Amino acid sequence: MPEKYLMHGGDYNPEQWLAMPEILDTDIRRFKEAKINTASVGVFSWSKLEPKEGVYDFAWLEKIIDRLYENGIYVNLATPSGARPHWMADRYPEVLRVNEQRQRNLFGARHNHCLTSPVYREKVRQINTELARRLGGHPGVKLWHISNEYGGECHCPLCQEAFRKWLENKYKTIEALNDSWCTTFWSHTYDSFSQVESPSTLGERSVLALLLDWKRFSSDQTIDFMGQEIAALRAAGSDKPVTTNLMYRFNDIDYFKMAQKLDIASWDSYPEWHRGGQGEWEAAQETAFWHDVIYGLKQKPFLLMESCPGATNWQAVSKLKKPGMVEAASLQSIAHGADGAMYFQLRKSRGSAEKFHGAVIDHYDGNDTRTFQDVCRTGDMLFGIGEVAGSRKKAEAAVIYDWENRWAMENSEGPRNIGLHYQESVEKSHRALRRLGLNVDVVDQNGALDGYRFVAAPMQYLFREGFAQKIREFVAGGGTFVLTYWSGVVDENDRCFLGGRPYGLRDVFGLRAEEIDGLYDQEENRICKGPASCGGQEEETGILEGMQESYRCQYLCELVKPDTATPLMVYGEDFYAGMPALLVNAFGKGKAYYVCADAEQTFYDDLYRGIVRKAGIGVVWEDAALEGVEITVREDAENTYFFAQNFGRQGVRIRIPEGAVLFGPADGHLAPLGGVVVRMKKVEN
């Protein structure tokens, strides 16, 4: 194995084939053909590792790890807590989850277990300890894969009591809780913590701070459980790095908080490629955003733990991967900071829920399938660019995506109870900046803004403590900040700020947000250039050069009253036609922009182009403006690695920077799904 290499492999379930030992021989042969160097094993193996309570059998797993290691294949060894064996549920019913209507689940499914249960925690501790003692020091074990896709919540009596203790630790007194939750509304005041119940359609859901704190508790309880899993491994003497596979657009857990306990972040990516439209451009931009989210969790290389080499079995349509898609998707993950691109799964199961889910090796076993050949080409590509492992991204721009803000907003009872489109609003800013050829970080409200020159914060309804001050200091110090409608509305307990919004920043943005109009889905308004650039000074209106006369907006339109801010564009319709829709304010050494409505993507593309140009922020590569082309840069102490990919419908030609082409066409001609990777030596000053 080279000193630097990228992981290539995926989930492997050899316990399903123990009665057919020849399968392992075939698999190892195929793995080597495809340059697969890593396999995640043990993810759902508990019933094989502990077939009866206290009776362990690790011999089969050790033999398989030995065989893989002998053939140059490392293992990500999983803890098996993602699915418990039947004997445990039979003997200890408390390990099964209870839903919000207080009904205990039957045995079955994955993650159907209570993370508060002392019994379940102890059983997990025991098997993790035995795994670590037996296999934690094996030279073939590269890292620990903790459980699998954590998620969900439990409303059992154990969780109710844990929630009350969590609340008491946070608020100290019931009086403080009542004040923070505004429980005098509808006379729902609590007399003691013992009266608090988790949210339920059978009971309380009108105290919105309760819903928010329940989301925090459920997230914290999951993170605490994962922390105890890791602690058991460490106590047993294993110091291998730990990761767990996170999920796309997942709302249950604050991943920024969870990542603090991980050595490496990783995630499972299942885009709906081939949806039509602009080739793969739309899905590629959405996937790029989530790659940048996962990179931003720790600001260092992550792993693409799962992707599908063929058709999934669980999406609405099981779409095949077209030729070149596996390679292009894997390369995109590396461009955005991954140090490995892996699959679910390496071999298809023979039966049950995932027997038709795409895999490197299917039921045929041969090496002449189209999917296997795609994986082989991807393995060659990853091997050829292995030197990029460990290199990092450097970004001058960031967008803010915050889990607690999302939780609060989605339960806020207005201004739209279906379709606030927070996720989409953040992605619009990310896409606009990426289309300019900028590396972009994704951070939450707790993230440091030092080092960035441009930050966009769409729909920050909830302000965490200190967030407003962070923005103030960033702008005063010379930064460019974009805030949008429905920001700075409530505090961390979902209580509306008094004194006007955006809270703590009215002087920074030079305005006061007064009302917000929720539009029906079929409604639209326009954001338009006004007479004489709305009366703004030339210094402030220069960013409008190249912008269209008007843009479509929908869903939410906020009405603001300017103070020191300069209006740049106005609403075109309804009773607020002519009122400001885009404003800018000078504050300290920086500029603060405020976008009042949910505008179309083109608005952000054009606006950010003007802002970035005015702020003097250099783009990575001018050819990023080509439709469908994605350009990203990684770097280490000696080299800069330039990645360019074409996700459009037509071939394009880009200018290749001077350097060594590690992968792709040296002449810059990129066919659809084509890519190129170039190493450029840094010049010493």
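This section describes the packing, backbone geometry and internal spaces of a predicted model.

The largest nonpolar core comprises 169 residues. Within this core, the residues with the most contacts are Leu-77, Phe-481, Phe-509, Phe-603 and Tyr-608. Another core, of 16 residues, lies apart from it and includes Tyr-171, Trp-181, Ala-209 and Leu-210. The surroundings of Phe-509 illustrate the packing in the largest core. Leaving aside residues up to four places away in sequence, Phe-509 touches Ile-471, Phe-481, Leu-483, Pro-502, Ala-565, Asn-585, Ala-592, Tyr-593 and Tyr-594. One of these contacts, Pro-502, also takes part in a cis peptide bond, which runs from Arg-501 to Pro-502 with omega near 5°. Pro-502 is placed in the loop between strand E13 (480-484) and helix H16 (506-509).

A further cis peptide bond links Phe-344 to Gln-345, with omega near 20°. Here Gln-345 belongs to the loop between strand E9 (338-343) and helix H12 (370-384). Most peptide bonds are trans, and most residues other than glycine have a negative phi. Positive phi values are nevertheless found at two non-glycine positions, Ala-109 at about 60° and Asp-574 at about 70°. Ala-109 occupies the loop between helix H4 (86-91) and helix H5 (118-135), whereas Asp-574 occupies the loop between strand E17 (566-571) and strand E18 (580-587). With a relative accessibility of 66%, Ala-109 is classed as exposed. Asp-574, by comparison, has a relative accessible area of 46% and is therefore partly exposed.

Strand E10 (residues 397-400) is covered on both faces. Ala-397 and Val-399 are buried on one side, and Ala-398 and Ile-400 are buried on the other. E10 pairs in the parallel sense with strand E11 (residues 440-443) over four bridges, and Ala-398 stands opposite Asp-441 in E11. E10 also runs parallel to strand E12 (residues 454-457), to which three bridges join it; in E12, Ala-456 is the bridge partner of Val-399. The loop between E12 and helix H15 (467-476) contains Arg-464. Because the relative accessibility of Arg-464 is 8%, below the 20% limit, this residue counts as buried. Excluding residues up to four places away in sequence, Arg-464 touches Asp-254, Asp-402, Glu-404, Asp-444, Gln-445, Asn-446 and Glu-492.

The largest pocket holds about 1100 Å³ of space and is lined by 44 residues. Those nearest its centre are Phe-44, Arg-110, Phe-344, Ala-353 and Glu-354. Phe-344, from which the cis bond to Gln-345 extends, is thus placed among the residues nearest the pocket centre. At least two lining residues are supplied by each of helix H2 (46-49), strand E7 (266-268) and helix H10 (281-298). In composition, the pocket lining divides into 16 nonpolar, 15 polar and 13 charged residues.

Six cavities of 30 Å³ or more were identified in the model. The largest cavity contains about 140 Å³ of space. Its lining consists of 17 residues, with Ser-269, Pro-271, Trp-273, Ser-307 and Ala-329 closest to the centre. Two or more residues of this lining come from each of H10 and helix H11 (325-335), and H11 gives the most, with five residues. H10 therefore contributes to the linings of both the largest pocket and the largest cavity. By class, ten nonpolar, six polar and one charged residues line the largest cavity.

The second largest cavity encloses about 90 Å³ of space. It is lined by Arg-97, Leu-115, Thr-116, Gly-152, Glu-153, Cys-154, Cys-159, Trp-214, Phe-217, Ser-218, Gln-221 and Thr-222. Helix H8 (residues 208-235) provides the largest share of this lining, five residues. The lining of the second largest cavity is made up of five nonpolar, five polar and two charged residues.

Terms used
Residues numbered from 1 in each chain as written. Predicted model: local features only at pLDDT ≥ 70, side-chain atom pairs only at ≥ 80, totals over all residues. Heavy atoms only, no water. Core = buried A, V, L, I, M, F, W, Y, C linked by side-chain atoms within 4.5 Å. Buried < 20%, exposed > 50% of the residue type's maximum accessible area, 1.4 Å probe, protein only. Contact = heavy atoms within 4.5 Å. 1 Å grid on protein atoms, 1.4 Å probe; cavity = no way out; pocket = protein on both sides within 12 Å on 5 of 7 lines; lining within 4 Å. Points joined across faces, edges and corners; volume = space filled by probe spheres on them. Nonpolar A, V, L, I, M, F, W, Y, C, P; charged D, E, K, R; others polar. Pairing = 2+ DSSP bridges.
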